[in-house]
Amino acid sequence: MFLMSTSHDDTVLIHAGRAPAGFGGLVNTPACRASTLLVNSYDDWRRSREGGNPYGHYARFGTPTTRAFADMLAELENAHGAIVFPSGLAACTHALLAFLSPGDHVLITDNVYGPTRAFACGTLARLGVEVSFFPPLEGVAIASYLRPNTRVVYVESPGSQTFEVGDIPAIAAAARRQGAIVMMDNTWATPLYFKPFEHGVDVSIHAATKYLAGHSDAILGAATANARAWPTLQAGAHDFGQTAGPDDLYLALRGLRTLSVRLQRHQETASLLARRLQEHPAVSHVLHPGLPGAAGHACWKRDFKGSSGLFGVVLQPMAAQERALAQAFDSLRLFGIGLSWGGYESLALPVDPPLRTSAPWREQGPLLRLHAGLEDAEALWRDLSLALDAYVHAAEPAFS
Ligand SMILES: *Cc1c(COP(=O)(O)O)cnc(C)c1O
């Protein structure tokens, strides 16, 4: 079930974004606190305005810390450029805003991250953008969902909460034939396990909050683009004054150094838990792209270089489901209950039935989202299986 990441990425993670000679020998590029960046002379100032690039001399457009992080990301994804945002959601929304105008249509995968969906249906619709959704497992057939005014096709793979993997190359080819831009939220796979620009994507979006920072101590977003999408993405972000703070950038840069070894472990543990969960009597379905039979497994196997630590579980429906869930969650000792994911720690979360408008969600049992952290895998399995035992027992009549 696991595949190896490339060794070239491992070297980029260690050597990109560092310039010891420029910082007194420091191994790490420091967290640069800055607004004004001084020039040396009147002539320097005049020169800094030449070439139509006013972006070099103000910290809103980047400091050495910003550039270290952005350059690393661009190199890992083989992108033309990368830009930072104060959160992952800001990266999603500002990438969309950069490309869409009133009268345009945006076509979005139905399993998109909930807040991105809410932004599209709320703000984008209010601004006069047509918004519609397509079933996540649609490939070439996506052509029938495109309209003459489709400007952006927005994908996320695997999708949030339900983890279907889409046929990105087929979707991208159909979108391009029509001149639409393809955006992808690549947070789950990270730049190591999915290479968006090799599969026809134009803009790749990351919640760096998750695996890139990797320690549950920062909120940060980023987007990268190929040469054709870069000028529009960059101008859009700059129009809105988007940037990120030095400490979050520094933490994400530090997190990136160990991304490959962390992901490998997240992957191994999640795969082990996923396979064992399939055998547990409390479980109805395990939603993990690496499992044979999972929705979009063949696309995952063809296009991805690995699977990360986040996946879903549908439990068997029970009569006293709420009480049984409470007992299961309250018995967890190693899994924390909380939002977000991608840190070193394991998380479990009860998820509301996902909102799907083009492909209705038909599962009856409760949906859980699990993040496999870096703890001992056997200890995690014990914690989880005891909780699921509690779920089964709590649902039994008290007098039995
Ligand atoms: C968490 C998440 C985001 C948003 O990131 P924040 O940094 O929390 O704003 C966007 N997309 C996906 C897929 C996510 O999981």
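## Strands E9 and E12, and the five-strand sheet

Let's start with a pair of residues in this predicted model: Phe311 stands opposite Leu370, a residue of strand E12. That pairing belongs to a longer match-up, in which strand E9 (residues 310-315) and strand E12 (residues 367-371) are joined in the antiparallel sense over five bridges. If you follow either strand by eye, keep a general rule in mind: side chains in a regular strand alternate between the two faces of the sheet.

Now zoom out a little. E9 and E12 sit in an open sheet of five strands, ordered E8-E9-E12-E11-E10, and the pairing is mixed. Which strands stand at the edges? They are strand E8 (283-287) and strand E10 (336-337). Each has a single partner strand, so one side of each is left without a neighbour in the sheet.

## Helices on the five-strand sheet

Helix H10 (residues 259-279) packs on this sheet, where it touches E8, E9 and E12. The direction of H10 makes about 10° with that of E9.

Helix H12 (residues 321-330) is another one to find: it lies across E9, E10, strand E11 (347-351) and E12. Compared with E11, H12 runs at about 170°.

## The seven-strand sheet

There's also an open sheet of seven strands, and the order to trace is E1-E7-E6-E5-E4-E2-E3, again with mixed pairing. At its edges stand strand E1 (81-85) and strand E3 (130-134). Each of these has a single partner strand, so one side of each lacks a neighbour in the sheet. From one strand to the next, the twist averages 20°.

Strand E4 (residues 150-156) is a good place to look more carefully. Is E4 mostly covered or mostly uncovered? Mostly covered: six of its seven residues are buried. E4 runs parallel to strand E2 (residues 105-109), and four bridges join the two; here His105 stands opposite Thr150 of E4. E4 also pairs with strand E5 (residues 181-185), in the parallel sense and over five bridges. Two matches to look for are Val153 opposite Val182 in E5, and Val155 with its bridge partner Met184 in E5.

## Helices on the seven-strand sheet

Helix H5 (residues 114-126) packs on the seven-strand sheet and touches E2, E3 and E4. Its direction makes about 155° with that of E3. Helix H8 (residues 230-239) packs on the sheet too, touching E1, strand E6 (203-207) and strand E7 (221-225). The direction of H8 makes about 25° with that of E1.

Which residues of H8 are buried? Trp230, Leu233, Gly236, Ala237 and His238 are. Here is a general point about helices: an α-helix has 3.6 residues a turn, so residues three or four places apart point the same way. What covers the buried residues of H8 includes E1, H4, E6 and E7. Just after H8, Gly241 takes a positive phi of about 70°.

## How H4 meets H5

The axes of helix H4 (residues 88-99) and helix H5 (residues 114-126) come within 10 Å and cross at roughly 40°. H4 and H5 are therefore oblique to each other, and H4 passes H5 in a right-handed crossing. On the H4 side, the contact is made by Leu89, Cys92, Thr93, Leu96 and Leu97. H5 contributes Pro115, Thr116, Phe119 and Leu124. Sort the residues of this contact by type and you get seven nonpolar, two polar and no charged.

## Two buried loop residues

Loops can hold buried residues too, and here are a couple to check. Thr63 lies in the loop between helix H2 (42-48) and helix H3 (64-77). Thr63 is buried, with a relative accessible area of 5%. Leaving aside residues up to four places away in sequence, Thr63 touches Cys32 and Ala34.

Ala79 lies in the loop between H3 and E1. Why does Ala79 count as buried? Because its relative accessibility is 16%, and the cut-off for buried is under 20%. Leaving out residues up to four places away in sequence, Ala79 touches Ala74, Phe197, Thr224 and Ala225. Finally, try locating Ala79 and Asp202 together: they are 123 residues apart along the chain, and their C-alpha atoms are separated by 9.1 Å.

Methods
Residues are numbered from 1 along each chain as its sequence is written. This is a predicted model: local features need pLDDT of at least 70, side-chain atom pairs count only at pLDDT 80 or more; totals for chains, interfaces and linings use all residues. Side-chain values use heavy atoms; hydrogens and water are left out. Axes are lines fitted to C-alpha atoms, for helices over the stretch in contact, and angles run from 0 to 180 degrees between N-to-C directions. Angles under 35 degrees count as roughly parallel, over 145 as roughly antiparallel, 65 to 115 as roughly perpendicular and the rest as oblique. A crossing is left-handed if the near helix is turned anticlockwise from the far one by less than a right angle, and right-handed if clockwise. Contact means heavy atoms within 4.5 Å. Ala, Val, Leu, Ile, Met, Phe, Trp, Tyr, Cys and Pro count as nonpolar, Asp, Glu, Lys and Arg as charged, and the others, Gly among them, as polar. Buried means under 20% relative accessible area, exposed over 50%, partly exposed in between (1.4 Å probe, protein chains only). Two strands pair if DSSP finds at least two bridges between them.
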